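The following note is offered to a colleague who is meeting this structure for the first time. It proceeds by numbered points, each of which may be checked against the display.

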Amino acid sequence: MPWLTATAFLHSVMIQERKNMLKIWNIGLIITSYALTLFGTFLVRSGVLTSVHAFANSNLGLYFLIFMGIAVIGALYVLMSRYNLLKRSAGEFNSYISKESSFLINNLLLVGAAFGVFWGTVFPLVSEAVRGTKVTVGMPFFNAVQAPILLSMMFVMAVCPLLAWQKSSLKNLKKNFLIPAILAIVATALMIVLGIQKAWAVIGFGVIVLLFITHFLEFYRGVKARRKMTKEKVYLSIYRLMTKNRRRYGGYIVHIGIAFIAMGIIGSQNYDVQTMKTVNLGDSIEVKDYRINYERLDQKREGINDIVYAEMTVFRNGKRIGNIQPEKVFYGNWDQPSSEVGLISSLKEDLYVVLSDWEDDGKATFIVKINPMMTWLWIGSFMIVIGSLFAVWNGKYQNITPRYTGVRKEVS
């Protein structure tokens, strides 16, 4: 939750830097982020929610609750006591179709996502207090709430780079959006022809394609303009363009990383395959293009832990692609065993095999799951880290954000 509200602050503070706007909103986001950090710690440390991190028979939760109340009330008092000072000389939105408005919409979506997580987290407590029955909120609720918000954020990220500051004219919109929109529609139609039929997947991938196109155009136009002035080589122009505006292009790298993560989420949620099958030694499990041969069941000891494992050979389209060894680990100092998954990963999909149960004669039950595009999720995660480090790293070229110096309207 604080990650979402802090991300909203990082976006809206750029509007404050350029236009002297959203000062009260930004301080509110800072207060909310800190309050949610305390709230999350309170939930897991107080024992209010069942958690392995909770301290049993401890009154630490009460101290956290008191501290959280003092911190929030104190911060709100300071904010309200300086309300008129913060409101003075504040800028105004000049158009609903502008970069400022897209940043504000992005903020509202991030705050909405945080509220969705908050409500899903506290709903069992609220239901128990009101009705006397604790209603558990699971993954379907969060998927139903967060999926439209993520899709909307992806669309805002796609169109934001092409919007002008202050106001976008019809001519500007036509010039910037016509080609990306046509290419995105063509790509969406091509996906349907290739067999992607689920509505959410088609819409999601279409928006992601639009995001890739608009961000590519931002890099292309920047490099083209720079080379026109400096006659530099392409790679040198890209390097200097990015290092002179680290926050902008670091942010674009983060956006592309989020797009990769969204691809992984859409693929894994809409096109995953799972099966459970009991087989004898020497038999095979066939799932989609895979054939998994069950070769051996054995046991070994590592320290104080006993491990039961199966040796399996994996073929895809008749070609051997590797061996996997799913395991069940029995800990010497813990009652509950854990499963170590046999995994074969590729850019297209990940194959998971879990050893679920077995018998003395070697017969065993396996859970086999195919998750498409999971590698893209990891690639996106690394890109977010790289983009964030690039944006905040203090390089040779300092990041001096130009401030809007046009006409301002005083707010009394």
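**Note on helix packing, aromatic pairs and nonpolar cores**

1. Helix α6 is a suitable place to begin. Its buried residues are Gln-146, Ile-149, Leu-151, Met-153, Met-154, Val-156, Met-157, Ala-158 and Val-159. The reader should bear in mind that the model is a predicted one. The buried residues of α6 pack against four helices, namely α5 (99-131), α7 (170-193), α8 (199-230) and α10 (246-270).

2. The length of α6 may be checked next. The helix covers residues 139-159, and at 1.5 Å a residue its 21 residues should span 30 Å; the C-alpha atoms at its ends are 30 Å apart, which agrees. The helix nevertheless has a kink of about 30 degrees at Gln-146, shortly before the proline Pro-148. Gln-146 is also among the buried residues of this helix.

3. Which elements give two or more residues to the largest nonpolar core? That core has 24 residues, and those with the most contacts inside it are Met-154, Phe-177, Phe-205, Ile-208, Leu-211 and Met-263. The contributing elements are α6, α7, α8 and α10. Leaving aside residues up to four places away in sequence, Phe-177 touches Val-159, Leu-162 and Leu-163. Another core, of 19 residues, lies apart from the largest one and includes Ile-285, Val-308, Leu-351 and Ala-364. As general background, nonpolar side chains in soluble globular proteins tend to be buried together.

4. The aromatic residues deserve separate attention. Across the whole structure, a search finds 12 aromatic pairs. In one of them, the ring centres of Phe-216 and Tyr-220 are 6.2 Å apart and the planes lie at 20 degrees, so the pair is stacked. Phe-216 and Tyr-220 are four residues apart in helix α8 and are therefore separated by about one helical turn. Phe-216 counts as exposed because its relative accessibility is 55%, whereas Tyr-220, with a relative accessible area of 43%, is partly exposed.

5. A second pair, Tyr-249 and Tyr-252, has ring centres 5.6 Å apart and planes at 85 degrees, so this pair is edge-to-face. Both residues belong to helix α10, where they are three residues apart, about one turn of the helix. Are Tyr-249 and Tyr-252 buried or exposed? Both are buried. Elsewhere, ring pairs join Phe-39, Phe-115 and Phe-118 into a cluster.

6. Two charged side chains are placed over aromatic rings. The charged end of Arg-246 sits over the ring of Phe-390, 4.9 Å from the ring centre. Likewise, the charged end of Lys-300 sits over the ring of Tyr-309, at 5.1 Å from its centre.

7. Ser-33 illustrates a contact between parts of the chain that are separated in sequence. This residue lies in helix α2 (residues 23-46) and is buried, with a relative accessible area of 11%. Ser-33 and Leu-4 are 29 residues apart in sequence, yet 8.3 Å apart in space from C-alpha to C-alpha. Not counting residues up to four places away in sequence, Ser-33 touches Pro-2, Thr-5 and Ala-6.

8. Ile-386 closes the note. It is found in helix α11 (residues 374-392) and, at 53% relative accessibility, counts as exposed because the cut-off is over 50%. Ile-386 and Val-254 are 132 residues apart in sequence, while their C-alpha atoms are 7.8 Å apart in space.

Key
Residues are numbered from 1 along each chain as its sequence is written. This is a predicted model: local features need pLDDT of at least 70, side-chain atom pairs count only at pLDDT 80 or more; totals for chains, interfaces and linings use all residues. Side-chain values use heavy atoms; hydrogens and water are left out. The expected span of a helix is 1.5 Å times one less than its number of residues. The bend at a residue is the angle between axes fitted to the seven residues ending there and the seven starting there. Buried means under 20% relative accessible area, exposed over 50%, partly exposed in between (1.4 Å probe, protein chains only). Contact means heavy atoms within 4.5 Å. Rings of Phe, Tyr and Trp (its six-membered ring) pair if their centres lie within 6.5 Å; planes under 30 degrees apart count as stacked, over 60 as edge-to-face and the rest as tilted. A charge sits over a ring if NZ of Lys or CZ of Arg is within 6 Å of the ring centre and within 35 degrees of the ring normal. A nonpolar core is a set of buried Ala, Val, Leu, Ile, Met, Phe, Trp, Tyr and Cys residues joined through side-chain atoms within 4.5 Å.
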